[in-house]
Each structure stands twice: as structure tokens, then as C-alpha cells.
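Me: I should like to learn how to read the features of a structure that is new to me. Could you take me through this one step by step?

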Amino acid sequence: MDTPRTSALKFIGLCVLVAVVGLWVVAALALVGVRWINPPTTAVHVERRFQGGIRGSKYQERYEFVPLRQISPEFQHAVIAAEDGSFYQHHGFDWHAMEIAAEGDMEGGKLRGGSTITQQLVKNLFFGTGRSILRKGAEFTLVPVAEFVLGKQRILELYLNVVEWGPGVYGAEAASRYWYHESARSIDRERGARLAAILPQPLKRKPERMEHYSELILERMRQVGW
């Protein structure tokens, strides 16, 4: 027979489990929703607003969702080449890239992470920039849902529109206007590569300083015929 303490612990554990499952179901349903509805905000947007309020700093959000056809193909290709070269081949996880990233971590290297565009989208939408085993576990289970429900083109459209591209700058359209004073449909391959190059550290990097990395991105694009 369970003691009162054991029963209480079991009850708390059950409540936590129900809460976690409930949150996962909500996130999965949200993924179904964003198949047709453009997200008005994301976890990263909310996080940055909160940080700005805590610091008492002025925060101006630039976020304009545009259809994928209004983002130049060169710009799209540059981001794929920079962030997830196997985007159209994998089903949400690039196991080879993850293995290379893990080896780099163990050796103290500074390599690009092994996260795919789909993983990054799920993280942006629901989890913000924080890191934890619990977050990675939830992300791991939601990525297949995103791949199944959304499909590659919608995943790419969502990612390009919500990803952080500077202080308060979210999405390809806002980034193009913020950094180059042009629309996303007007971005050529060179400027697309420079914009893609700042994605790993959007609050620290600037396109005009990304000459070396942007050349590597352009070379990756040439290798696949883009």
C-alpha cells in the first residue's frame, strides 16, 4: 500500500505528464493550423519582446509575412545552402550533419549545428532560443509532424518568414528592407548569400562583414547547380 507521500508524488507526476502531453497536442495542432494560417508571432518574437522590456531598451519589431513566390529563388537557395544543404533529401533530420556537429562539439570545433530547417522552424515557433534536454526532446517529436503536415515548400516559406535576421528583424522581407532597402523578390545571389551568412548569429553579424562566409555559401550553391 502506498504511503501518503508516495501517492502525492505519483499524483504530481501524473499531472506533469498530462500537462506535457497536453502542450505537445497543442503544438501539434498549431502545426496543422500554420499549414494554412500565417503565424502572427513566434516564441522567439515573444522572447525578444520580453528581453527588451526587462532591459528597458527600445524594441521595434519588423515582421512582414510574404508568400514564397515573393522571395527570390536566389535568396531561397542561399539560405538552404547555408543552413540545410540536404533540405529536399531528408525527412526532418540530417543524421550525417548531426554526427559531424557532435564530433565537432567533442573536439571543441566551431562548426555549424546539425539542425535542419525543419528543426529550426519548430524551435522558432514554439521554444525560442533556449537550450534544454526537455526542449530538444519535444522538438524531436514535433519535427516529423511538421514534415508530414506542412510539406517542404510550406516549411521553407514559414522558416524564411519567421527566422530572426537582426535586432527585431524577422523574415526575408523585413531583412531585405532593413539591410538593403529592397524587397525580398529583388535580392540577388550575392546579397542573398550575405543575408544567409548572418543567420547563425543574427544579433551579432552584419551582411557587409560576411564576405568570406558568403563566398563559401555561393560555392555550395554552384556545386548543386544553383
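**Reading a predicted model**

Reply: Let us start with one element: helix 5 is mostly covered, since 8 of its 11 residues are buried. Please keep in mind throughout that this is a predicted model.

Me: Which residues of helix 5 are buried?

Reply: They are Ile-117, Thr-118, Gln-119, Gln-120, Leu-121, Val-122, Asn-124 and Leu-125. After helix 5 comes Gly-128, with a positive phi near 70°.

Me: How many helices and strands are there in the chain?

Reply: The chain contains 9 helices and 3 strands. Read from the N terminus, their order is α-α-β-α-α-α-α-β-β-α-α-α. Of its 226 residues, 43% count as buried. Among contacts between residues at least 6 apart in sequence, 67% join residues at least 24 apart.

Me: How does one read the packing of two helices, and at what angle do helix 3 and helix 9 pack?

Reply: Two packed helices are described by the angle between their axes and by the distance between those axes. Helix 3 (residues 73–83) and helix 9 (residues 211–223) pack at about 100°, and their axes are 9 Å apart. Angles of 65 to 115 degrees count as roughly perpendicular, and helix 3 and helix 9 are therefore roughly perpendicular to each other.

Me: Which residues of helix 3 and helix 9 meet?

Reply: Helix 3 contributes Glu-74, His-77, Ala-78, Ala-81 and Ala-82, while helix 9 contributes Tyr-213, Ile-217, Arg-220 and Met-221. By type, the residues of this contact between helix 3 and helix 9 are 6 nonpolar, 1 polar and 2 charged.

Me: Where do the axes of helix 3 and helix 6 stand with respect to each other?

Reply: The axes of helix 3 and helix 6 come within 12 Å and cross at roughly 90°. Helix 3 is therefore roughly perpendicular to helix 6. On the helix 3 side the contact is made by Gln-76, Val-79, Ile-80 and Glu-83, and on the helix 6 side by Leu-156, Tyr-159 and Leu-160. The residues of this contact between helix 3 and helix 6 divide into 5 nonpolar, 1 polar and 1 charged.

Me: What is to be said of the largest nonpolar core?

Reply: The largest nonpolar core has 52 residues. Those with the most contacts inside it are Leu-31, Ile-71, Phe-75, Val-79, Leu-150, Trp-165 and Ile-217. The elements giving two or more residues to this core are helix 1 (4–33), helix 3, helix 5, helix 6, helix 7 (172–180), helix 8 (189–197) and helix 9. Helix 6 provides the largest share of this core, 12 residues.

Me: Which residues is Ile-217 in contact with, leaving aside its neighbours within four places in sequence?

Reply: With those neighbours left aside, Ile-217 is in contact with Ala-78, Ala-81, Ala-82, Ala-193, Ala-196 and Ala-197. Ser-214 also lies in helix 9. Ser-214 counts as buried because its relative accessibility is 3%, and buried means under 20%. Beyond its neighbours within four places in sequence, Ser-214 is in contact with Ala-193, Arg-194 and Ala-197.

Me: How does one check the span of a helix, taking helix 2 as the case?

Reply: One compares the span expected at 1.5 Å a residue with the distance between the end C-alpha atoms. The 13 residues of helix 2 (residues 43–55) should span 18 Å, and the end C-alpha atoms are 18 Å apart, which agrees. The buried residues of helix 2 are Ala-43, Val-44, His-45, Glu-47, Arg-48 and Gly-52. Among the elements covering them are strand 1 (62–63), helix 5 (117–127) and helix 6 (133–162). Gly-56, which follows helix 2, has a positive phi near 70°.

Me: Is Pro-39 buried or exposed?

Reply: Pro-39, in the loop between helix 1 and helix 2, counts as buried at 6% relative accessibility. Not counting residues up to four places away in sequence, Pro-39 touches Val-34, Tyr-63, Phe-65, Leu-125, Leu-158 and Val-162. Pro-39 and Leu-158 are 119 residues apart along the chain, yet their C-alpha atoms are separated by 8.4 Å.

Me: Is His-181 buried or exposed?

Reply: His-181, in the loop between helix 7 and helix 8, counts as exposed at 68% relative accessibility. His-181 has a positive phi of about 55° although it is not a glycine.

How values were computed: Residues are numbered from 1 along each chain as its sequence is written. This is a predicted model: local features need pLDDT of at least 70, side-chain atom pairs count only at pLDDT 80 or more; totals for chains, interfaces and linings use all residues. Side-chain values use heavy atoms; hydrogens and water are left out. Axes are lines fitted to C-alpha atoms, for helices over the stretch in contact, and angles run from 0 to 180 degrees between N-to-C directions. Helices (H or I, at least four residues) and strands (E, at least two) are DSSP runs, numbered from the N terminus. Angles under 35 degrees count as roughly parallel, over 145 as roughly antiparallel, 65 to 115 as roughly perpendicular and the rest as oblique. Contact means heavy atoms within 4.5 Å. Ala, Val, Leu, Ile, Met, Phe, Trp, Tyr, Cys and Pro count as nonpolar, Asp, Glu, Lys and Arg as charged, and the others, Gly among them, as polar. The expected span of a helix is 1.5 Å times one less than its number of residues. Buried means under 20% relative accessible area, exposed over 50%, partly exposed in between (1.4 Å probe, protein chains only). A nonpolar core is a set of buried Ala, Val, Leu, Ile, Met, Phe, Trp, Tyr and Cys residues joined through side-chain atoms within 4.5 Å.
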